[in-house]
Amino acid sequence: MRWLLLLAVLLSAAALAIDTQPALPNAALQHRYERLTHEFRCLVCQDEDIADSDAGLAADLRSQVYQQLLQGKTDEQIKQYMVARYGDFVLFDPPFQPNTWLLWLAPAILLLAGLGVSVRIVLRRNRLVAKTGITHDSEIDW
């Protein structure tokens with residue numbers, strides 16, 4: 001039983017070691033790598049960034065970020081490369097442009113629509129109470 005547990009621990013450690021990137025040459029590059037991998041969305045998981053995802057595609061994207069940092073590319077160049085290859089969806093914070101305006105404005109539109117419906121219901125109720133004289137506290141004889 002101990003051998004089985006030891007084998008499971010070793011295999012899981014080996015699986016984790018396969019996916020990790022070696023540290024970058026300096027702390028500034030390592031910091032940029034960590035920040036950038038938290039800015040890109042995993043295209044498989046869709047609710048995780050590539051830094052935290054275990055998906056194979058996320059590992060490939062992390063590797064691409066790593067390689068481009070080693071090549072001396074700027075953060076903006078790396079983002080442009082990722083967007084050109086995978087679309088705006090790869091960004092957790094997509095830019096405000098014509099094809100994403102609904103994404104940015106939908107919460108405000110829905111909030112205003114809900115507020116409008118609420119005001120309309122209250123006004124109708126007030127008119128009905130004024131017209132009939134029946135309130136919530138009145139007894140209704142059915």
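D75 sits in helix α4 of this predicted model. With a relative accessible area of 17%, D75 falls under the 20% cut-off, so it counts as buried. Here's a quick tour, starting from that aspartate and working out to the whole chain.

**Around D75 and L69**
- Leaving out residues up to four places away in sequence, D75 touches R32, R35, L36 and L69.
- Two of those partners are arginines, R32 and R35.
- Flip over to L69 and, again setting aside neighbours within four places in sequence, you get contacts with L24, L29, R32, Y33, L36, D75 and I78.
- R32 and L36 turn up on both lists, as partners of D75 and of L69.

**The nonpolar core**
- L69 also belongs to the largest nonpolar core, a set of 17 residues, where it joins F40, I50 and V65 as those with the most contacts inside the core.
- Helices α2 (27-39), α3 (56-70) and α4 (75-86) are the elements that each give two or more residues to this core.
- The largest share comes from α3, which puts in 5 residues.

**The chain as a whole**
- It's helices and no strands here: 5 of the former and 0 of the latter, running α-α-α-α-α from the N terminus on.
- Of the 142 residues, 20% count as buried.
- Among contacts with a separation of 6 or more, 45% link residues 24 or more positions apart.
- The chain exposes about 10,800 Å², and carbon and sulfur atoms supply 64% of that area.

How values were computed. Residues are numbered from 1 along each chain as its sequence is written. This is a predicted model: local features need pLDDT of at least 70, side-chain atom pairs count only at pLDDT 80 or more; totals for chains, interfaces and linings use all residues. Side-chain values use heavy atoms; hydrogens and water are left out. A nonpolar core is a set of buried Ala, Val, Leu, Ile, Met, Phe, Trp, Tyr and Cys residues joined through side-chain atoms within 4.5 Å. Buried means under 20% relative accessible area, exposed over 50%, partly exposed in between (1.4 Å probe, protein chains only). Helices (H or I, at least four residues) and strands (E, at least two) are DSSP runs, numbered from the N terminus. Contact means heavy atoms within 4.5 Å. Accessible areas come from the Shrake-Rupley method with a 1.4 Å probe; for residues, only the protein chains shown count as cover.
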